[in-house]
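Me: I'm new to this one. Could you take a close look at the empty space inside it, and at the odd spots in the backbone while you're there?

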Amino acid sequence: MLLSHTSLPLPLLRRGKVRDVYEVDAERLLIVASDRVSAFDIVMAEAIPDKGMVLTQITAWWLRQMAPLVRHHLLSDDAVAICSDLPELAPHLEELTGRAMLCVRADVFPVECVMRGYISGSAWKEYASTGTMAGEPLARALVESSRLPAPIFTPATKAHTGHDENITVDRLRAIVGTETAAELERLTRLIYDFGQGLAGERGIIIADTKVEFGYLANASAAVEEFDPARVILVDEVLTPDSSRFWPADRYAPGGPQPSFDKQPLRDYLEAERAACRWNGEDPPPPLPEEVITATSERYLDIYRRLTHARPDTGALI
Ligand SMILES: Nc1ncnc2c1ncn2[C@@H]1O[C@H](COP(=O)(O)OP(=O)(O)OP(=O)(O)O)[C@@H](O)[C@H]1O
Ligand SMILES: [Mg+2]
């Protein structure tokens, strides 16, 4: 079922570029990944078949793998169980199946926690012009897409509009506090190392990834002291939307890498812009059917490779 947006009988807290977030009660949220797709920070008019399910199922799969290592927000991704818990959702079972997550509600830290194992994207641009990454000098002689001598934590602020802004770890400390910053970095490294190890066995390089964390409020605590046990992993985790996934067998540093995910879409949009048929702003040009299909195939391919789902199963779950 192709789904551009949802309209559920719960208070809508936020419609992001991809997810619709509903309030269930003071402690829980329902996060529904639609099939919307964005590129260059613009949401396309067309939806991508299976994309929402792929994002939710990859996130849920990783969270299950990582449960012994990291506390997280997922309570259930079983739409039948969610609908029996919240009967008002029962008429929406079909649209929730595979793409909805019932989650613990947390106060999300206003930062993006990014780990980079390879130099690409905005980090490559910074290094190419100043020789630094997140403001710190880096070894010389790196080329585009080089593997870094060791993965680097490069936090960013969350921009409400436009691009996120990279910040130094000092700035992160000033925003969230020293102890929290240390815990966010520790957890981000753990998640990246775990993800990179497991994906590596499946022929996928995770060049970089972004995670978000939240803090569980504790109304009964008399003194507000930082408690690392209340930091939880939220949002989507190690998906093609939050990470750069590269096929390991085609890895060739010295230029941009072919990636799973939105490459056909980005290529199409770049070509439209180059041909002066699109000015790079909203509204985007209409997408041809083959671009939609190719993008959908990319998402399904990464899902199958990563989770070892059988390619011949039509349904994702
Ligand atoms: N457990 C949670 N508690 C509270 N908020 C959460 C939780 N998990 C995720 N969120 C928030 O829900 C939103 C998910 O929506 P989505 O990913 O579509 O939007 P976004 O990435 O913030 O913005 P956009 O995609 O529009 O740039 C994010 O703002 C995220 O911080
Ligand atoms: Mg998001």
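**Backbone oddities and empty space**

Reply: Let's start with Ser-145, which is buried, with a relative accessible area of 0%. Bear in mind that this is a predicted model. Ser-145 sits in the loop between strand S11 (136–137) and strand S12 (147–153). Its phi is near 75 degrees, a positive value in a residue other than glycine. That catches the eye because most residues other than glycine have a negative phi.

There is another spot of this kind at Asp-41, where phi is near 65 degrees, again positive in a residue that isn't glycine. You'll find Asp-41 in the loop between strand S4 (38–39) and strand S5 (42–43). How buried or exposed is Asp-41? Asp-41 has a relative accessible area of 36%, so it counts as partly exposed, whereas Ser-145 is buried; the cut-off for buried is under 20%.

One more backbone feature is worth a stop: the peptide bond running from Asp-282 to Pro-283 is cis, and its omega is near 0 degrees. Most peptide bonds are trans. Pro-283 belongs to the loop between helix H7 (263–274) and helix H8 (289–307).

Now for the empty space. Searching the whole structure turns up 3 cavities of 30 Å³ or more. What is the volume of the largest cavity? The largest cavity comes to about 50 Å³. Its lining is made by Arg-19, Ile-31, Ala-33, Leu-55, Thr-56, Thr-59, Arg-99, Met-101, Asp-235 and Glu-236. Two elements give two or more residues to that lining, namely strand S3 (28–33) and helix H1 (51–66). Helix H1 gives the most, with 3 residues. By class, the lining of the largest cavity splits into 4 nonpolar, 2 polar and 4 charged residues.

The pockets are open, so they get their own look. The second largest pocket holds about 170 Å³ of space. Which residues line the second largest pocket? They are Ala-26, Glu-27, Val-104, Arg-105, Ala-106, Asp-107, Tyr-215, Leu-216 and Ala-217. In that lining, 6 residues are nonpolar and 3 are charged, with no polar ones. The largest cavity, by contrast, does have polar residues in its lining, 2 of them.

So, if you want places to click on, try Ser-145 for a positive phi in a buried residue, the cis bond from Asp-282 to Pro-283, and helix H1, which gives the most to the lining of the largest cavity.

Methods. Residues numbered from 1 in each chain as written. Chains lettered and ligands numbered in written order. Predicted model: local features only at pLDDT ≥ 70, side-chain atom pairs only at ≥ 80, totals over all residues. Heavy atoms only, no water. Helix = DSSP H or I, 4+ residues; strand = E, 2+ residues; numbered from the N terminus. Buried < 20%, exposed > 50% of the residue type's maximum accessible area, 1.4 Å probe, protein only. 1 Å grid on protein atoms, 1.4 Å probe; cavity = no way out; pocket = protein on both sides within 12 Å on 5 of 7 lines; lining within 4 Å. Points joined across faces, edges and corners; volume = space filled by probe spheres on them. Nonpolar A, V, L, I, M, F, W, Y, C, P; charged D, E, K, R; others polar.
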